[in-house]
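This report concerns the disulfides of one protein model. Please consult the sequence and the structure shown here.

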Amino acid sequence: MFVKKFLGLFAIVFLGNLVSVHACTVTIDHGTSCTVSDSSGCVAGNYIYVSNYLGVIKLNTEECEEVTTPGYYKTADNKYYSIASGGTVTALGSGGDISSVEECTAGELKAGGSLCVDTETTSAITMNGDGKLYLAKDTSAGLLSGSISAQVVVKSITNGFEVVSLESTKKYLVIDKIKLLGGDYGEIIVVDNTLAIADGINGSDYCVDKNWNVYDRKTGLCEAVVDEGQEDCTSYYNCSAGKACVVSNANTKRSNDCIPTTTSKCPKGYYLVKDGVIVTNSDADGYLFYCDGENNCVDRKTNANAPLGYLVNASGFGYIVCTSSTACKLATIADSCTSGNYGALYDSGNKLCIFSGEEKYITTTSASIHIISKSAELFGISLEAGKFIAIEIDSDKNILVVDPTDSVGYYITGESNTAALTSASSSGSLYQCEGATNHLKCSSVTGTNIPNGFLVNAGNGVSGTAPYIECQGATGCKAIAISGTSCAETADEGSNVVTTGALFKQGGSGNIKICIVDKSVEIKSESKGKYFISTDGGLFGLADKADHFMVINIDAVGNITVDKEHVRYRYTNGDTILIESRATASGKTGDGQICGSGANPTEYILDEWDEALTTALGGSNFYYVKEELGS
């Protein structure tokens, strides 16, 4: 008799062909069959291994049966075994112990029972019995498939992974963790029995049963495998030509069947209609309707307010493209991203081509604003060398030209991509965008054209955490968060205390202010004006010059920039730092003069006055010294 303990939890006893696990007693008959003689302690789904025989306790726990499906299995004593495509059962690691296998090899298990799909441990599939199908690589020797360098579909089952035998009459929903068939990491796709993308699965509400087989709705009612007592499919999915499948259990059936009119009630989204029917022919035009999901459907074409861009088609036929406020049609999906396809959707609509000498694209599945080149006509907007436009991918995956009404200003993107930054960064590329007909026209701001100061981040949106862009002239710019909560002569980062020249929110809330010790200025439209600020310590990338001042300009939007206007003498009134002019003094003095009755001016003199200099100041000659008037 041989007795072996595992982690002190239970013991397995081999008595000839008798196996006992707690009170679960199984008899193995010469390695060909198994019988449960005492099921009181049996657990359904537990595997038992004896002398090259692998058995499993069945659902009713009264029976067991041999396991022959290729795959990997974990026994009740935490040992792991493989069944090869030819049926051979082999203990993994050291007698089934794989606790020392920490690295990943494609097609093999690592410690803990995760299945490796490549050499990255983070890509491994967890043995959690979720019942889902995964696309994986076989071992280099073809252990599971019998073919070298093959790919297989495995199902995550309780205590194991089993290879799925693909049938020619079925389609399968699988998770592609490492882009073996393209797309994105972890994308859910549909494949046929040859492991090719089933691009005919295109649209909404495909039935997916408990085996992750895919059917159209009506076929699924008759053929889908569901749990006992269940009538309907386990889930419904929307797919784009076999890719980018997402669960759609909210029931979008009506959106596919609904014909919007100004009096109909259709689910939320955009529709293309012509002669009273949904447009289905590629590149065909029609009338654009938008339904808000409540009681309103609006004819956007007749009202001449169709948005420019690509709109997700609520009827399930890809995208609608609008090139003017009255011109919309079904979008054509390109095969690839080349110089002739700039601005086209490709890869089943998952990517927007922004070709720049080589394939370059924007993924259309993540909400964000992008600044892209006007190097080709796009959405009816003419090309313009050296200029850019702003587009926004919204939460519904519509790709829209940003409306110029309330969005002019400065944007910052990552240095190697086009996405507008909405969180703090170490660097970025600066753009200044102005309103043009139906769009924002943007210019890249580089070198000495970059201002010194803080610029409102127009691309931050309502949910971003970087409301300002900090620029230090030709040195460059970065997006910044506002962490300061108070202003003092000496900064204390640990306590969120900032000093002169930094932004803060008093107490962590309210409007943003620029710290100028004892005279901080709240950034709001009423604060528009020019102010003196001490240069002690150096500001905005400019050199420290003791006992000197520079001028900052706060505009109506909230941009704060160093002013380099060529002005020899400037004045403030009393103990303020706001620069006064004759125009602003007129309301404070009887005669409208800076030296008039009621005024107490302080004079600031440009330190390095150059009579010949008539343009914007450069170098260091924009520093001022302060003198009492008349001294």
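The text below treats the disulfide count, three of the pairs and their burial.

The model is predicted: local features need pLDDT of at least 70, side-chain atom pairs count only at pLDDT 80 or more, and totals for chains, interfaces and linings use all residues. Residues are numbered from 1 along each chain as its sequence is written, and side-chain values use heavy atoms, with hydrogens and water left out.

A disulfide is taken as a pair of cysteine sulfur atoms within 2.5 Å, and by this rule the model holds 11 disulfides. Among them are the pairs in the table.

| Pair | S to S distance |
|---|---|
| Cys34 and Cys64 | 2.1 Å |
| Cys322 and Cys328 | 2.1 Å |
| Cys471 and Cys477 | 2.1 Å |

The disulfide between Cys34 and Cys64 links distant parts of the chain, its two residues being 30 residues apart. Cys34 belongs to strand 5 (residues 33–38) and Cys64 to strand 8 (residues 64–66); strands (E, at least two residues) are DSSP runs, numbered from the N terminus. Cys34 and Cys64 are each buried, where buried means under 20% relative accessible area, with a 1.4 Å probe and protein chains only.

For Cys322 and Cys328, the torsion about the S-S bond is about 110 degrees, so this disulfide is right-handed. Cys322 and Cys328 are both buried.

The disulfide of Cys471 and Cys477 is likewise right-handed, because the torsion about its S-S bond is about 110 degrees. Burial applies to Cys471 and to Cys477.

Terms used:
Helix = DSSP H or I, 4+ residues; strand = E, 2+ residues; numbered from the N terminus. Buried < 20%, exposed > 50% of the residue type's maximum accessible area, 1.4 Å probe, protein only.
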